[in-house]
Amino acid sequence: MAKDKKQPRPKAVTPKGFRDYFGAEVTARTEMLTKIAGVYHRYGFDALETSAVETVEALGKFLPDVDRPNEGVFAWEEDGDWLALRYDMTAPLARVAAQYRNDLPSPYRRYTMGPVWRNEKPGPGRFRQFYQCDADTVGSASVAADAEICAMLAGTLEEVGIPRGDYVIRVNNRKVLDAVLENIGLSADDVGKREAVLRNIDKYDKVGREGVLLLLTSGRLDESGAFIDGVGLSSQQAETVLLFLNSTGDNNDESLDLLGQLIADRPIGQQGIEELQTMSKLLAAQGYTEEQIKIDASVVRGLGYYTGPVYEAELTFEIKDEKGRPRNFGSVAGGGRYDDLVKRFTGQSVPATGVSIGVDRLLAALHAKGRIDSTAQGPVIVTVMDRDRMADYQTMVAELRNEGIRAEVYLGNPKNFGNQLKYADKRHSPIAIIAGGDEFDKGVVQIKDLILGAEIAKNATLEEWKDRPSQYEVPRDQMLAKVREILDGQG
């Protein structure tokens with residue numbers, strides 16, 4: 001009789017495009033989200049938590065065609081309906097705003113944070129699951145709502161550790177571009193051609209001026225050698241669009257003047273200019289300078305989606321890439337006004353504006369600048385010298401925890417004391433507490449400063465360490481005070 005084949009063991013691998021996050025990374029993200037939530041809350045926004053799963057119908061703007069309803073999202077069919085993991089935080093908000101429109105205040109101001117999933121090809125630094133942190137105002141057509149989002153974004157960046165001078169929030173307006181498109185002969189009825197123009201100017205950062213010029217006119221070869229068809233604009237039409245993208249002056253007034261020259265009294269363009277002027281005035285009234293928030297026509301990301309003001313937060317400092325070359329870090333947040341999204345559910349236009357912060361990118365920026373310690377401090381370790389005294393060790397750790405000090409008793413095999421210190425080292429513990437039979441008899445404990453001990457070991461020859469002991473014997477009733485003193489000294 002043939003033997004049953006053994007079931008192969010599963011491979012312990014992370015799925016492609018996903019990654020695992022450990023202690024220090026999770027702690028850093030949690031602390032950042034807490035700071036961001038604090039700013040949003042201070043501005044009067046309410047928290048909202050929606051399901052990670054939405055109907056594909058609710059995520060309809062991501063559907064390329066009816067035959068492939070799961071393109072771009074992780075989706076599955078259930079009882080004849082398609083469900084999907086949320087692709088972003090805005091589509092769920094539109095559904096909530098429509099579903100609860102009779103119960104929610106208007107305007108409705110909400111913030112939300114959590115993971116989103118995209119069924120896209122992964123790449124370096126590009127994952128299929130990542131965190132977003134959004135804040136939106138639904139139900140206000142006032143441009144003051146857009147200005148408020150920009151001010152709040154600036155405050156958020158500073159709160160998490162990006163000081164003034166290290167960021168700039170750049171603001172543009174879709175309505176001005178609409179006027180420019182009208183001026184070159186593309187009316188609102190030329191939907192396909194307009195969308196093609198928007199898609200291609202969005203590639204300005206990647207292919208540069210000449211690349212976009214070719215894409216707007218006759219087409220170009222991409223890096224793989226494949227030919228990409230152009231939009232078919234004339235050279236003069238394309239140059240006018242490029243002139244719009246480069247209409248950024250030395251200050252906001254100069255930028256507005258340059259943009260005003262391109263709209264040729266088109267009502268939609270005048271409205272866009274007026275909105276930018278109002279935003280500039282409102283932000284100046286709150287004390288924001290053009291070094292922090294500025295009008296910049298080169299902001300084109302999302303112009304195909306947004307209906308009015310568009311904004312993007314860019315970090316201006318340099319970092320080194322994987323090959324050691326200096327480069328600007330770039331964008332960490334973006335948003336704008338989208339007045340048509342809720343209309344999909346209700347048939348009525350509902351004004352809305354909001355911003356989304358890429359939390360993982362922001363964390364990466366802070367790591368790159370050395371503003372986040374990648375090795376979070378571990379707990380105080382109470383070592384075990386005598387198994388029969390486990391109750392005494394648990395009393396010690398309870399006292400530490402009751403004082404708000406992170407602590408644990410070593411629960412591995414206590415036979416080898418060296419292994420306990422290795423464990424403490426691997427946990428990045430600041431202190432080890434040591435007590436055996438002799439210490440219990442004398443009513444004392446040994447407190448080892450592991451941070452100082454590591455420094456002394458590293459610099460054993462330095463004179464400055466001579467008179468600084470890394471281990472102290474203190475009366476048992478002074479344990480808490482000494483631990484607190486050492487922790488305070490470690491900063």
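In this predicted model, Ala432 of strand E16 has Lys448 in strand E17 as its bridge partner, and the two strands, of which E17 spans residues 444-449, pair in the antiparallel sense over four bridges. On the other strand considered here, E14 (residues 380-382), Ile381 stands opposite Ala432, while Val382 stands opposite Ile433. E14 and E16 run parallel and are joined by two bridges. Both faces of E16, which comprises residues 431-434, are covered, with Ile431 and Ile433 buried on one side and Ala432 and Ile434 buried on the other.

These pairings belong to an open sheet of five strands, arranged in the order E15-E14-E16-E17-E18 and mixed in its pairing. The edges are formed by strand E15 (407-409) and strand E18 (471-475), each of which pairs on one side only. From one strand to the next, the twist averages 25 degrees. Helix H15, covering residues 450-458, packs on this sheet and touches both E16 and E17, its direction making about 55 degrees with that of E17.

Turning to the nonpolar interior, the largest core contains 90 residues, among which Tyr40 and Ile201 touch the most other members. Helix H3 (residues 143-160) gives the most to this core, contributing ten residues. A second core, separate from this one and made up of 21 residues, includes Val384, Ile405, Val445 and Leu487. For Ile201, once neighbours within four places in sequence are left aside, the contacts are with Leu177, Val212, Leu216, Val241, Leu245, Val300 and Leu303.

The packing of helix H4 (residues 174-183) against helix H9 was also examined. The axes of H4 and H9 come within 7 Å and cross at roughly 155 degrees; because angles over 145 degrees count as roughly antiparallel, the two helices are therefore roughly antiparallel to each other. The crossing of H4 and H9 is left-handed. On the H4 side the contact is made by Lys175, Val176, Asp178, Ala179 and Glu182, and on the H9 side by Ile268, Gly269, Gln271, Gly272, Ile273, Glu275 and Leu276.

Backbone geometry calls for comment at several loop positions. A positive phi, near 50 degrees, is found at Ala264, a residue other than glycine, and this residue lies in the loop between helix H8 (252-263) and helix H9 (267-285). Ala264 has a relative accessibility of 52% and therefore counts as exposed, given that the term applies over 50%. A positive phi is likewise found at His428, also a residue other than glycine, with a value near 55 degrees. His428 is located in the loop between helix H13 (417-426) and E16, and with a relative accessible area of 38% this histidine is partly exposed.

The remaining backbone feature concerns a peptide bond. Ser106 and Pro107 are joined by a cis peptide bond, for which omega is about 5 degrees. Pro107 has its place in the loop between helix H2 (90-99) and strand E5 (108-117).

How values were computed. Residues numbered from 1 in each chain as written. Predicted model: local features only at pLDDT ≥ 70, side-chain atom pairs only at ≥ 80, totals over all residues. Heavy atoms only, no water. Core = buried A, V, L, I, M, F, W, Y, C linked by side-chain atoms within 4.5 Å. Buried < 20%, exposed > 50% of the residue type's maximum accessible area, 1.4 Å probe, protein only. Contact = heavy atoms within 4.5 Å. Pairing = 2+ DSSP bridges. Axes fitted to C-alpha atoms, helices over the stretch in contact; angles between N-to-C directions. Parallel < 35°, antiparallel > 145°, perpendicular 65-115°, else oblique. Left-handed = near helix turned anticlockwise from the far one by under 90°.
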